[in-house]
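Colleague: Please take a close look at the cysteines and aromatic rings in this model. I would like the side-chain contacts laid out one by one.

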Amino acid sequence: MYYLGYDIGSSSVKVAIVNAKTGAAEVTLNEPTKEMEIVAVQENWAEQSPDMWWDYVCKGTKRALKESGIDASKILGIGISYQMHGLVIVDTEGKPLRDSIIWCDSRAVAIGDKAFNDLSEVTCMEKLLNSPGNFTASKLKWVRDNEPDIYTKTHKYMLPGDYIALKLTGVINTTKNGLSEGMLWDYKQDAVADWLLDYYDINKALTPDIVENFTKQSYVNKAGAEACGLYEGIPIVYRAGDQPNNALSLNVFNDGEVAATGGTSGVVYAVTNVLKSNEPSRINHFAHVNYSKHNTTLGKLLCINGAGIQYRWLKDNMVSNSYEAMNEKAEKVPIGCEGVCVLPFGNGAERMFNNKIVGTHFCNLNLNIHSDGHLYRAALEGIAFSFVYGMDILKADNAKVNVIRAGNDNLFRSEIFSNTVATLIGHDIEIYNTTGAVGAARAVGLLDGDFKKFGDYITANDHVMTYKPLEDKTPYVKAYKIWKKELESKLKAKQ
């Protein structure tokens, strides 16, 4: 028997089928093989058709079943991961009234900022643990103000994963963690933030019914089954945004456990039980996948825009280089790079610096003694230092860091990067080879509530290695202090 998982990204739809007994992935694939289109009608806008996602869900499901040779009657349940913060609005027949305003669209920034000021920082932080910001609720307000004809036809709003569940089952519902991603969950009342909807003059009846995670939320109907090649009656058991789902995929559920990703940008997602924050913009807070009234687990998310993109830029702009060649040269350079340091923040405004644009800086280069290897190591160390800096922000805001679990992606494959982070943080970094679609599929098994068995799946199938803090951390601390001094000098210049 098997579980089916989807990861609805903005670049592609990922599909995975895993063995229900062992947790092993039988097949994983992407649809389309090229990136999906993002429509930008105006500068800083970003939209996608929800029915495009659905089309690729159907194609990907049929492909996965065919390539694996698995009979659809053997699928026990479905889990869904999806791009966070998107807005989908539908009419009474469940049809989209417009393209989805997706996560990277920034048209509602001013709306969220005004709400934060009008409603007060105290109210927003006590109840939402965030500023309303440029999230789903503010995007819905934008539609109400700018597209009134569409707003008046709206039957329900939802997150991207909710729409895929609707297409599979014909049922409209959502989850507490989904609502929290849109700044629509009041943690103090443990209820929908109707007071924010009232402030935005949005009809509270537009909020879908709420279902718990790890329960049979709805069932594949005849239309969904025919479109995807599935059988009627398969339950949808789980759904979550991509970052909470990434944490689930890495077996991160409890206070003190941290999930990290190190791709083009970096993300640190720390689970905590403390419903309190003094960081309205540098950190975002979401109900974690296992959040409930009696288990108030939150994900504290900190994003670092200038991460892997920095190292990729060096690879693409230095003559005849590959990551392997760069890493080999970097390993010949001592810790601290003989004074060279790199601030890697050249990918736009950095949220952890309160949206300042710091830029990338190569500091303390001596053209007589430093080589390209110094640049490569300094870049890896600089990105690692930015992760440590971000974790320090999280720890100052009630997060514990007991263990870090990360995917086996570009940055964490580097011993220089991972050893630097592990040594400065003083905790292990466990590396796992998994994907969001595989995690969503395995989450179906949590219908039985056996989180230990779930974790055993991940350890047995995905664990690659563990980086442990090095005994002599003196040179790392010295290098980090030099880097931090350069950073603080640049931040001061931006004031």
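Modeller: Start with Cys104. Its closest cysteine sulfur, in Cys303, is 12 Å away, too far for a bond. Cys104 is partly exposed, at 33% relative accessibility. Cys337 has Cys341 as the partner with the closest sulfur, yet the gap of 8.5 Å is again too far for a bond. Cys337 is buried, at 0% relative accessibility. Disulfides need two cysteine sulfurs within 2.5 Å. Across the whole structure of this predicted model, the search finds zero disulfides.

Now the rings. The structure contains 19 aromatic pairs. One of them joins Phe387 and Phe412 edge-to-face, with 6.1 Å centre to centre and 90° between the planes. Phe387 belongs to helix α13 (residues 372-396), while Phe412 is in the loop between β21 (403-407) and α14 (415-425), so this pair ties together parts 25 residues apart in sequence. Both rings are inside: Phe387 is buried at 0% relative accessibility, and Phe412 is buried at 2%.

Phe387 also pairs with Phe417; the centres are 5.3 Å apart and the planes at 90°, so this pair is edge-to-face. Here helix α13 is tied to helix α14, across 30 residues of sequence. Phe417 is buried as well, at 0% relative accessibility.

Elsewhere, ring pairs link Phe345, Phe353, Phe385, Tyr389, Tyr480 and Trp483 into a cluster.

Lysines also meet rings. Lys127 lies over the face of Trp195, 5.2 Å from the ring centre. The charged end of Lys315 sits over the Tyr323 ring, at 5.2 Å from its centre.

Notes. Residues are numbered from 1 along each chain as its sequence is written. This is a predicted model: local features need pLDDT of at least 70, side-chain atom pairs count only at pLDDT 80 or more; totals for chains, interfaces and linings use all residues. Side-chain values use heavy atoms; hydrogens and water are left out. Buried means under 20% relative accessible area, exposed over 50%, partly exposed in between (1.4 Å probe, protein chains only). Rings of Phe, Tyr and Trp (its six-membered ring) pair if their centres lie within 6.5 Å; planes under 30 degrees apart count as stacked, over 60 as edge-to-face and the rest as tilted. Helices (H or I, at least four residues) and strands (E, at least two) are DSSP runs, numbered from the N terminus. A charge sits over a ring if NZ of Lys or CZ of Arg is within 6 Å of the ring centre and within 35 degrees of the ring normal.
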